[in-house]
Number of protein chains: 2
Amino acid sequence: MVDVAAASGAVSELDPRVERSRRIILQAVLDELGEVGYGALTIEAIAARAGVGKSTIYRHWPGKLELVEDAFRTLKAPVTVPEHGTLRDRVVAVIEQVACLVEQSTYSTCMPALIDAAERDPKVRDFHTRFSAERRAVLVGLLRDAIETGELPATTDPELLADALVGPILLRRLMLAEPVGPAIAPAIVDQVLPDTAK
Amino acid sequence: MVDVAAASGAVSELDPRVERSRRIILQAVLDELGEVGYGALTIEAIAARAGVGKSTIYRHWPGKLELVEDAFRTLKAPVTVPEHGTLRDRVVAVIEQVACLVEQSTYSTCMPALIDAAERDPKVRDFHTRFSAERRAVLVGLLRDAIETGELPATTDPELLADALVGPILLRRLMLAEPVGPAIAPAIVDQVLPDTAK
DNA sequence: TTTCAATGAAACGGAATCGTCTCGTTCGAG
DNA sequence: CTCGAACGAGACGATTCCGTTTCATTGAAA
């Protein structure tokens, strides 16, 4: 694959046919991955799903791993902190976003496959770890600020508190197969955030 | 498979060769599953790993799914509550057990594969859900008792608190690929358990 | 309009796995 | 000791997927 765009840094310089193929194929990878998982993922199934020749896939990627990596890179899972509001309100807002993400996004569909793939391939693990850490950093930053302003006790471990806030959502989604709606957010916050912060 | 033991309710009535085969094969399933995951799991690889003919496997199980189900059933992941000690000490002890389980047991090795498989097969999901719920119930029971004795506020949601205590361990193991030793237990408890209970 | 790179379809040989089957051996039960 | 069930080994035809190759078509760009 001669990737002019990567060399010049401008995706738009690509032949539009290439761009279209890439887009369609990567989406098919995510769909297929959510259905069959990483181990059972095949190039042929992806090609069929994308309505594309196998050769087109092999022209652009060396194999399954790189294909999956690229597909993951297209995943968007933005979490943002509201600018205003009390600490509690802002934390609730973040947890709500996480709950929605884990319940109904493309990301959520692929999450179990991603976790499994990360266990077996270091490249996928690196990506998944970074991907997760980005999301966690948003909440950790919010908590860290609150510690500085004194809204949270100085003894607070922001990483651990963030994990305790998000952990229940993952646990219920992955281990208990329970529905996790955004309504769980205030309940978690009330249960976990120190009373002094409410 | 004509399972005399199941019919009579006594495993020991089986031909010892059958018993031995079953044991060896099911262990090989768990080992293989931890290495390659559910999607890439093959009967041939299991047979090779177990040092057994494929025919022996097909004599006892109809296919991969039932085989994996049986293998999971052999998983042991006991979590117990110490009889004595303060609430905090007992909770810490439980969380320590969970941390060890998630870090270094056969269960931990298979956990990502189990999560992935549960996503694709209802039977596996049922098993996994029940398996997880059993473990959670131990901690929930402990917290529920503490609510009744007044050690925890009456407003406590025992399930949610339990999930907040265990969640960080799962999150770090599955999403961040961080090492999770038992040392994390007291930190979690101090961060999450209400101050009134310490 | 002309040119040519990218494409979809399909065929290829090779490898892996499927689930079934046979056969000679092993070993527990009576 | 004898008998028969369970075993391992492996051959089998079928199937799927691999990664490569060919080829006629499409469509972007000059």
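Trainee: Where in chain A does Gly53(A) sit?

Mentor: Gly53(A) is in the loop between H3 and H4 of chain A. Helices here are DSSP runs of H or I with at least four residues, strands are runs of E with at least two, and the numbering goes from the N terminus. Bear in mind that this is a predicted model: local features need pLDDT of at least 70, side-chain atom pairs count only at pLDDT 80 or more, and totals for chains, interfaces and linings use all residues. Residues are numbered from 1 along each chain as its sequence is written, while chains are lettered from A and ligands numbered from 1 in the order in which they are written.

Trainee: Is Gly53(A) called buried or exposed, and why?

Mentor: Count the other C-beta atoms, placed from the backbone, within 10 Å of the residue's own: 20 or more makes it buried, 12 or fewer exposed, and anything in between partly exposed. Gly53(A) has 11 C-beta neighbours inside 10 Å, so it counts as exposed. For chain A as a whole, buried residues make up 34% of the 198 residues.

Trainee: Which residues come nearest to DNA strand C?

Mentor: Gly53(A) is one of them, along with Ser21(A), Thr56(A), Thr42(B) and Ser55(B), out of 22 residues around strand C. A residue is near a strand if its C-beta atom, placed from the backbone, lies within 6 Å of it. H2 and H4 of chain A, plus H2, helix H3 (43-50) and H4 of chain B, give two or more residues each to that surface. H4(A) gives the most, with 4 residues.

Trainee: And what surrounds DNA strand D?

Mentor: There are 22 residues around strand D, and the closest are Ile43(A), Ser55(A), Ser21(B), Gly53(B) and Thr56(B). Here H4(B) gives the most, with 4 residues.

Trainee: How do the residues near DNA strand D divide by type?

Mentor: They come to 6 nonpolar, 7 polar and 9 charged. The sorting goes by name: Ala, Val, Leu, Ile, Met, Phe, Trp, Tyr, Cys and Pro are nonpolar, Asp, Glu, Lys and Arg are charged, and the others, Gly among them, are polar. Near strand C the split is 6 nonpolar, 8 polar and 8 charged.

Trainee: How many residues of chain A are in contact with chain B?

Mentor: 35 residues of chain A are in contact with 35 of chain B. Contact means that the C-beta atoms, placed from the backbone, lie within 7 Å. H9(A) gives the most to chain A's side, with 11 residues, and that side holds 22 nonpolar, 6 polar and 7 charged residues.

Trainee: What relation links chain A and chain B, and why is it called that?

Mentor: Superpose the copies by least squares on the C-alpha atoms of residues with pLDDT of at least 70 in both. Chain A then lies on chain B with an RMSD of 0.0 Å after a turn of 180 degrees and a shift of 0.0 Å along the axis. That is why the relation is that of a two-fold axis. The same surface serves both copies, as 100% of the contact residues of chain A recur in chain B.

Trainee: Which residues touch the most other members of the largest nonpolar core?

Mentor: Val29(A), Ile95(A), Leu165(A), Val29(B), Ile95(B) and Leu165(B) do, in a core of 104 residues. Such a core is a set of buried Ala, Val, Leu, Ile, Met, Phe, Trp, Tyr and Cys residues joined through C-beta atoms within 7 Å. Leaving out residues up to four places away in sequence, Ile95(A) touches Leu165(A), Val166(A), Ala185(A), Ile188(A) and Val189(A).

Technical notes:
Contact = placed C-beta atoms within 7 Å.
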